[in-house]
Amino acid sequence: MQPTPDFDAGRLTRSLLRRSRQGALATLMAGTGDPYCSLVNLASHPDGSPILLISRLALHTRNILGDARVSLMLDERVDGDPLEGARIMLAGRAEEAGADQEEILRQRYLNAHPSAEAFVKFKDFSFFRIRPTGAHLVAGFGRIVDLGPEQFLTDISGAVALLEAEQGAVEHMNADHRDAINLYATRLLGAGAADWSCTGCDPDGMDLRAGTATLRLDFPERVTGPGELRKMLVRLAGQARAKE
């Protein structure tokens, strides 16, 4: 069956990538090529590709260093039958972060997993980024779609100013505009009241967290700089307040 016209496979896949904090990582055993699967924590790069912080002592890391091909299973973790929720199998190659990428991966990962601060300092831990080659989305009957990276990754071209200002914006929002963040979560996204915080901003939207719960706030238009981001957040806060 073909998906219905109102089904946006790319948007759902992007949302799962942004909201997921754990996933099942499949690697190939060094020497034999046998499949090996493990549970990992993850965050997302500004373009949506997954970020891992893994130890060289772990078997999956040794597998990656021998063969970079991986797959990652992510799901919505819905109540009841887990097969009723949307899930994706992401295929790609895991690359260890170079010096030019490590800082942004570190910031984004720690925003998503603050408790990992201690592990970052361990010499055997390194950041890896999965460069997707494709995704297989299963979102219900008649909603099974294969997607190329260009269909679900965020275009970050021309957004250098935004990426450079991101961490400052995240810290500012969490320190001075927690009320607005909670309005985004409760009135724009329909979430329950909680201590919502911002964990990241990119050209397409903002990521929110309260405890283990995560949300994705999509922007109605793409933003590429800190000035545009501020205007967008003020605009969305106004829309949220208008829903009283």
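## Ser55 and its surroundings

With a relative accessibility of 10%, Ser55 counts as buried, because the cut-off for that label is under 20%. Bear in mind as you look around that this is a predicted model. Ser55 belongs to strand β4, which covers residues 50-55.

A polar atom of the Ser55 side chain sits 3.0 Å from the backbone nitrogen of Leu57. Leaving aside residues up to four places away in sequence, Ser55 touches Thr61, Asp124 and Phe125. Phe125 is a good residue to follow next, since it also belongs to a cluster of rings with Phe119 and Phe122.

## The aromatic cluster

Ring pairs join Phe119, Phe122 and Phe125 into this cluster. In the whole structure there are four aromatic pairs. One of them is formed by Phe119 and Phe122, with 5.9 Å from centre to centre and 90° between the planes. That angle makes the pair edge-to-face, because planes over 60 degrees apart are classed that way.

How accessible are these two rings' residues? Phe119 has 39% relative accessibility and counts as partly exposed. Phe122, at 42%, is likewise partly exposed. Both labels follow because partly exposed spans the range between the buried limit of 20% and the exposed limit of 50%.

## The largest pocket

Moving on to the pockets, the largest one holds about 410 Å³ of space. Its lining is made up of 17 residues, and those nearest the centre are Arg19, Arg21, Thr212, Ala213 and Thr214.

Which elements each supply at least two residues of this lining? They are α1 (9-19), β5 (69-75) and β11 (213-218). Strand β11 provides the largest share, three residues. Sorted by class, the lining of the largest pocket contains six charged, six polar and five nonpolar residues.

## The second largest pocket

The second largest pocket has a volume of about 290 Å³. It is lined by 14 residues, and His172, Met173, His177, Arg230 and Leu233 lie nearest its centre.

Three helices each give this lining at least two residues: α5 (160-176), α6 (178-188) and α7 (226-241). Helix α7 contributes the most, with seven residues. By class, the lining of the second largest pocket has 10 nonpolar residues, along with two polar and two charged ones.

Definitions and conventions. Residues numbered from 1 in each chain as written. Predicted model: local features only at pLDDT ≥ 70, side-chain atom pairs only at ≥ 80, totals over all residues. Heavy atoms only, no water. Phe/Tyr/Trp six-rings, centres within 6.5 Å; stacked < 30°, edge-to-face > 60°. Buried < 20%, exposed > 50% of the residue type's maximum accessible area, 1.4 Å probe, protein only. Helix = DSSP H or I, 4+ residues; strand = E, 2+ residues; numbered from the N terminus. Polar contact = N/O pair within 3.5 Å; in protein donor to acceptor, adjacent residues only side chain to side chain. Contact = heavy atoms within 4.5 Å. 1 Å grid on protein atoms, 1.4 Å probe; cavity = no way out; pocket = protein on both sides within 12 Å on 5 of 7 lines; lining within 4 Å. Points joined across faces, edges and corners; volume = space filled by probe spheres on them. Nonpolar A, V, L, I, M, F, W, Y, C, P; charged D, E, K, R; others polar.
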